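Trainee: Could you take me through one part of this model closely, with its strands, their partners and the loops beside them?

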Amino acid sequence: MKSKMELTERLHRLISAWESEVVEFKQADNNFKTSELGHYFSALANEANLRGIESAWLVFGVNNKTRTICGTNYKPKPEHLMALKNDVRAGLEPSMTFREIHEIELPEGRVLLFEIPPAPAGMPIGWNGFRYARSGESLCALDIEKEDRIRAQSSKEEWAAGIASNATMSDLSPEALQRARQIFSKNNTFRFSEEEIEQWQDIDFLQRLGLLRDNQITNAALLLLGRPESAVLLNPHPAQITWKLESTESAYQHYGPPFLLNTSIIYQRIRNIKIRLLPANELIGEDVSKYDQKVVLEGLHNAIAHQDYRQNARVILTEFTDTLSIENEGTFYEGDPSLYIEGRKTPRRYRNTFLVKAMAQLGMIDTMGYGIHRMYRKQAARSFPLPDYNLSDNNAVQLTLYGKIVDPAYTRLLLQHTEIPLNDVMALDRIQKGLPADDRIVARLRKAKWIEGRKPNLHISAEVAAATESKAAYIRTRAQDDTFYEKLIIDYLNQYNRASRTEIDQLLLSKLSDGLTEAQKTNKVRNLLTRLRIEKKIHNIGSRGKPSWALLKSNDI
């Protein structure tokens, strides 16, 4: 997160340079329409791509005639800005959103700086089916010349974009095609009805997914949607993901197309037993799965998306006793994993642009570089060791996911202090693994009495809180991370299928921080339910006046 000083300097630099194709100023009151904001996102992202810059900027709270800061009352509450990210993501194709929405309170008024990433290489950004650009300070349609320049960024030698010789529509799996339609329908409810999508011919549907070239089946189409026997059409590429078991027992199995379905089958093959995070006599005890499905599939789908297919190699998932290893051929394509952990790095280009775009349409990955960030956040929320990347082999990337406790003190600390920032969690994770950590963060963790010892023999303090009485008092007054409360709601609905607002209040109000007023607690619960609804995890099966909340399942969408 940038400091106020950094943001203020950035604002004045933008004003001094004034508007260009990649900067737009608006006074913008609270009636500014989301649709208009989407138009500017599309235009600024496309122009940022064409100019090869890291970010474009849409600034609210600056008069675009007098060039002075005037302040804005646009979406004054933080939760409204958070919801805006999801609203914008829903209208953009391919799916993406703001890198960050920066808010500054200045003597002249409140200013919002919307930081917009460039359109991914080869993929112009559209809003509700239309692509926009800029002509000087004016908004306009993306013309053919600019669109061709963006699309030409895709590598002409990309294996996945190649035509699969002799492949026909009959080489595609009906089950995979049907699942692809369901996912596409779910992700495009604002554009097409489910009935409309079902009426499309398969060839028309594949055109919309971007899996055809000149009306012919591509290698990417066979990988993602092909029948198992269609892999022979991809020779000499093996078109396989290999699952290996290396533990007290040994086993292996190769999985071919369709990858859209088979990655979930591979996950089910993993021996995912329940383990207890803490002994029963500790403050908090919880049985959880060794591996989280979303984390495993995120890692596996990333390996598929970024594999160097020119090497004719398999993606390999190896299951050890307490870890999973996912390996793909090819170097880490842009930057290194550390740049993506905080969710602020957006790749400018892809090794497999054609394949990435199709996988994004199918909900397997996003194109914003958030996958690694999500894996780290999820593992931290589960109080598990964080993933590790091994790039020592210049021709391969290896991801390790942990299904065990390395240091019980680390797990206990994360369970009791869910508010710890991700940077600090990463440092604690390195310390529990015996790896060096940043000196400044080490000093901060030592001051918090979360670590002990002298370098290089640092370790996490076993006394992460005082006596049991002070632990309980601390938990009553501290603010838990929202993930904690959301999990309580999800677990309750899993157990009882539905819950009224009164029942949700009974579940949560007593667990919220005693530092909040009753009104603030009520608003907190409402915001949690709104977020879960926006994220399509729950839905209201009652009325507006008397809501009844239930989990949103695939057949409810």
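**Strand S25 and its surroundings**

Mentor: In this predicted model, a good place to start is Asn-540, which stands opposite Trp-549 of strand S25. That pairing belongs to the contact between S24 and S25, two strands that run antiparallel and are joined by three bridges. Trp-549 also has a partner in another strand, since Ala-499 has Trp-549 as its bridge partner in S25; here strand S23, residues 498-500, pairs with S25 in the antiparallel sense, again over three bridges.

Turning to the faces of S25, which spans residues 548-551, one finds cover on both sides, with Ser-548 and Ala-550 buried on one side and Trp-549 and Leu-551 buried on the other. In a regular strand, side chains alternate between the two faces of the sheet.

The loops give another view. Lys-536 lies in the loop between helix H19 (518-534) and strand S24 (538-540), and because its relative accessible area is 37%, Lys-536 is partly exposed. Together with Arg-179, Lys-186 and Lys-294, Lys-536 forms a positive surface patch; membership requires over 30% relative accessible area and no salt bridge.

On the other side of H19 in the sequence, the loop between helix H18 (501-508) and H19 holds Leu-516. Leu-516 counts as partly exposed because its relative accessibility is 31%. Its C-alpha atom is separated by 32 Å from that of Phe-32, a residue 484 positions away along the chain.

Definitions and conventions. Residues numbered from 1 in each chain as written. Predicted model: local features only at pLDDT ≥ 70, side-chain atom pairs only at ≥ 80, totals over all residues. Heavy atoms only, no water. Patch = residues over 30% accessible without salt bridge, like charges linked within 9 Å, V, L, I, M, F, W, Y side chains within 5 Å. Areas by Shrake-Rupley, 256 points an atom, 1.4 Å probe, with all protein chains shown as cover. Salt bridge = Lys/Arg side-chain N within 4 Å of Asp/Glu carboxyl O. Lys, Arg positive; Asp, Glu negative; His and termini not counted. Charge placed at Lys NZ, Arg CZ, Asp CG, Glu CD. Helix = DSSP H or I, 4+ residues; strand = E, 2+ residues; numbered from the N terminus. Buried < 20%, exposed > 50% of the residue type's maximum accessible area, 1.4 Å probe, protein only. Pairing = 2+ DSSP bridges.
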